[in-house]
Each structure stands twice: as C-alpha cells, then as structure tokens.
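Student: Got a minute to walk through this one with me? I'd like to go residue by residue and jump around a bit.

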Amino acid sequence: MGQPTNIEWSEMTWNPATGCSKVSPGCAHCYAETFAERWRGVPGHHYEQGFDLRLWPERLEQPLHWRRPRRVFVNSMSDLFHEEIEEDYIAQVFDVMGRAHWHTFQVLTKRHERLAELAPRLDWHPNVWMGVTIEGIKPPDLVDRAPSLGHGRARGVAVGPLSEPVVCVLLSAILKRT
Ligand code: SF4
C-alpha cells in the first residue's frame, strides 16, 4: 500500500518489497525494523512476519494509479538491492517507474555493490533518483558507497546516521550539481 510520508524530501512511500537484513553499522538503529517488528505475529497485519523479507507483487502497479505527480520513496521499509530480491523483480520495479513517468522515484540503497552489478542491465529513466548511503565520518567507520553512483544513472547520496533534514539538504545539494 502506498502511504503519505512525513519525510521532507518525499511525499509517498511505495513498498513493493518489505523487510531487510543488516548490512553495515548504519543499520544498527533501523527505523523500518523497529516499526515492522512491533507487529510480528499479529494475524493479518502487513508486518505479521516482522522484518523478514517479503515481496508484494500485487503492489507493483500502484504508482500507475496515482494520477497526481508525486515524489515517491521506493522501498522505505526495505532495500531494493537486497541480495534476496531477484534481478527480475528489481527490473519490474524499474519498468513501473519508467511507465509512471509523471512521478519522481527516490531509491536509496546501502547495497552499493549489488547496485553497481545490476545497474548496467536496468532500464534507467530520468524520473529515477538513485542514492547510496555514506556512513561514518572517518576510518574505520567510513563506509563510502559513492563510487557506485558512477554506475547507471545514479544521482544522489545520503549520509547516515543523520537526521532526515540533513539528509534532505545533502540530497538537494548533490542533485543540483548533477
Ligand atoms: S539496509 Fe536499510 S532497511 Fe535494511 S536493515 Fe539496513 S537500514 Fe534497515
């Protein structure tokens, strides 16, 4: 289900997949995990399986039904480039983003290596803003994923863990340069 969001840089969330697993120190305080695990075991709830990875193919075409142009945060409750999400499914997400050209889709990943691997084979469209997360401020905490932006048409960087307004400012600044 698409949901309005309080995130400053986005208007809607679209979650064709939910759930994830930790991949770096920046995942330690994952808001999505905290939210999803709250509902684990509740019969019939979207997060009955907690934060276990789950695909929702029935949600794939949702953006095509939203007539007003929106900034859509893709997989706010997961990571689209999670290793257990098959390439074909990711390609379907990109296909929908291309067909729903009146929206702007914001995709953030911490899995920069898989992004780099798949990017040449994905169908990129100008309305897809791709971002990777950069964590920490100096070694050994620094996890620098920015080089992945050289693959495909990625054009954004988020820095974490930081508050959303800071991430928003950084995204805006970087996007103005691209
Ligand atoms: S990659 Fe993102 S969604 Fe997945 S566990 Fe880490 S912070 Fe949470």
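Tutor: Sure. One term to start with: buried means under 20% relative accessible area, exposed means over 50%, and partly exposed is in between. Also keep in mind that this is a predicted model.

Student: OK, so is Gln 3 buried or partly exposed?

Tutor: Gln 3 counts as partly exposed, because its relative accessibility is 33%. You'll find Gln 3 in strand 1.

Student: What does Gln 3 touch, leaving aside neighbours within four places in sequence?

Tutor: Glu 11, Met 12 and Thr 13. For a longer reach along the chain, take Phe 73: Gln 3 and Phe 73 are 70 residues apart in sequence, and their C-alpha atoms are separated by 9.8 Å.

Student: Let's stay with Glu 11. Which residue does Glu 11 form a salt bridge with?

Tutor: Arg 68, with the closest N and O atoms 3.6 Å apart. That pair links distant parts of the chain, 57 residues apart. Glu 11 is in the loop between strand 1 (3–4) and strand 2 (12–14), while Arg 68 is in the loop between strand 4 (54–55) and strand 5 (71–74).

Student: And how accessible are Glu 11 and Arg 68?

Tutor: Glu 11 has a relative accessible area of 28%, so it is partly exposed. Arg 68 is partly exposed too, at 47%.

Student: How many salt bridges does the count come to?

Tutor: The count comes to 10 salt bridges. As general background, side chains of opposite charge can pair when their charged atoms come close.

Student: Give me another one that spans the chain. Where do Glu 87 and Arg 121 sit?

Tutor: Their side chains meet in a salt bridge at 2.8 Å, N to O. Glu 87 is in helix 2 (residues 87–99), and Arg 121 is in the loop between helix 3 (112–118) and strand 7 (128–135), 34 residues apart. Glu 87 is partly exposed, at 27% relative accessible area.

Student: Which residues are joined into one network by salt bridges that share partners?

Tutor: Glu 37, Arg 40 and Asp 52. Within that network, the side chains of Arg 40 and Glu 37 meet at 2.7 Å, N to O. Arg 40 is partly exposed with a relative accessible area of 39%, and Glu 37 is partly exposed at 30%.

Student: Trp 39 is next door in number. What's it in contact with, beyond four places in sequence?

Tutor: His 45, Tyr 47 and Glu 48. Trp 39 is in the loop between helix 1 (31–37) and strand 4, and it is partly exposed at 28%. From Trp 39 to Gln 49 is 10 residues in sequence and 7.8 Å in space, C-alpha to C-alpha.

Student: Switching topic: is Thr 18 buried or exposed?

Tutor: Thr 18 is buried, because its relative accessible area is 3% and the cut-off for buried is under 20%. Thr 18 belongs to strand 3 (residues 17–18).

Student: What polar contact does the side chain of Thr 18 make?

Tutor: One with the side chain of Trp 56, at 2.8 Å. Not counting residues up to four places away, Thr 18 also touches others, including Tyr 47, Asp 52, Arg 59 and Ser 78.

Student: Ser 78, huh. Which residues surround the ligand?

Tutor: Ser 78 is one of them, and the others are Cys 20, Ser 21, Cys 27, Cys 30, Asp 79, Lys 110 and Arg 111. The shell divides into 3 nonpolar, 2 polar and 3 charged residues.

Student: Any odd backbone angles? What's phi at Asn 75?

Tutor: Near 55°, a positive value in a residue other than glycine. Asn 75 lies in the loop between strand 5 and helix 2, and it is buried, with a relative accessible area of 2%.

Student: Last one. How many bridges join strand 6 to strand 7, and do they run parallel or antiparallel?

Tutor: There are 5 bridges, and strand 6 (residues 104–109) and strand 7 run parallel. Phe 105 stands opposite Val 128 in strand 7.

Student: And why is strand 7 described as largely enclosed?

Tutor: Because 7 of its 8 residues are buried, strand 7 is largely enclosed by the rest of the structure.

Definitions and conventions. Residues are numbered from 1 along each chain as its sequence is written. This is a predicted model: local features need pLDDT of at least 70, side-chain atom pairs count only at pLDDT 80 or more; totals for chains, interfaces and linings use all residues. Side-chain values use heavy atoms; hydrogens and water are left out. Helices (H or I, at least four residues) and strands (E, at least two) are DSSP runs, numbered from the N terminus. Buried means under 20% relative accessible area, exposed over 50%, partly exposed in between (1.4 Å probe, protein chains only). A polar contact is a pair of N or O atoms within 3.5 Å; within protein, one must be able to donate a hydrogen and the other to accept it, and residues adjacent in sequence count only if both atoms are side-chain atoms. Contact means heavy atoms within 4.5 Å. A salt bridge is a side-chain nitrogen of Lys or Arg within 4 Å of a carboxyl oxygen of Asp or Glu. A residue is near a molecule or strand if one of its heavy atoms lies within 4 Å of it. Ala, Val, Leu, Ile, Met, Phe, Trp, Tyr, Cys and Pro count as nonpolar, Asp, Glu, Lys and Arg as charged, and the others, Gly among them, as polar. Two strands pair if DSSP finds at least two bridges between them.
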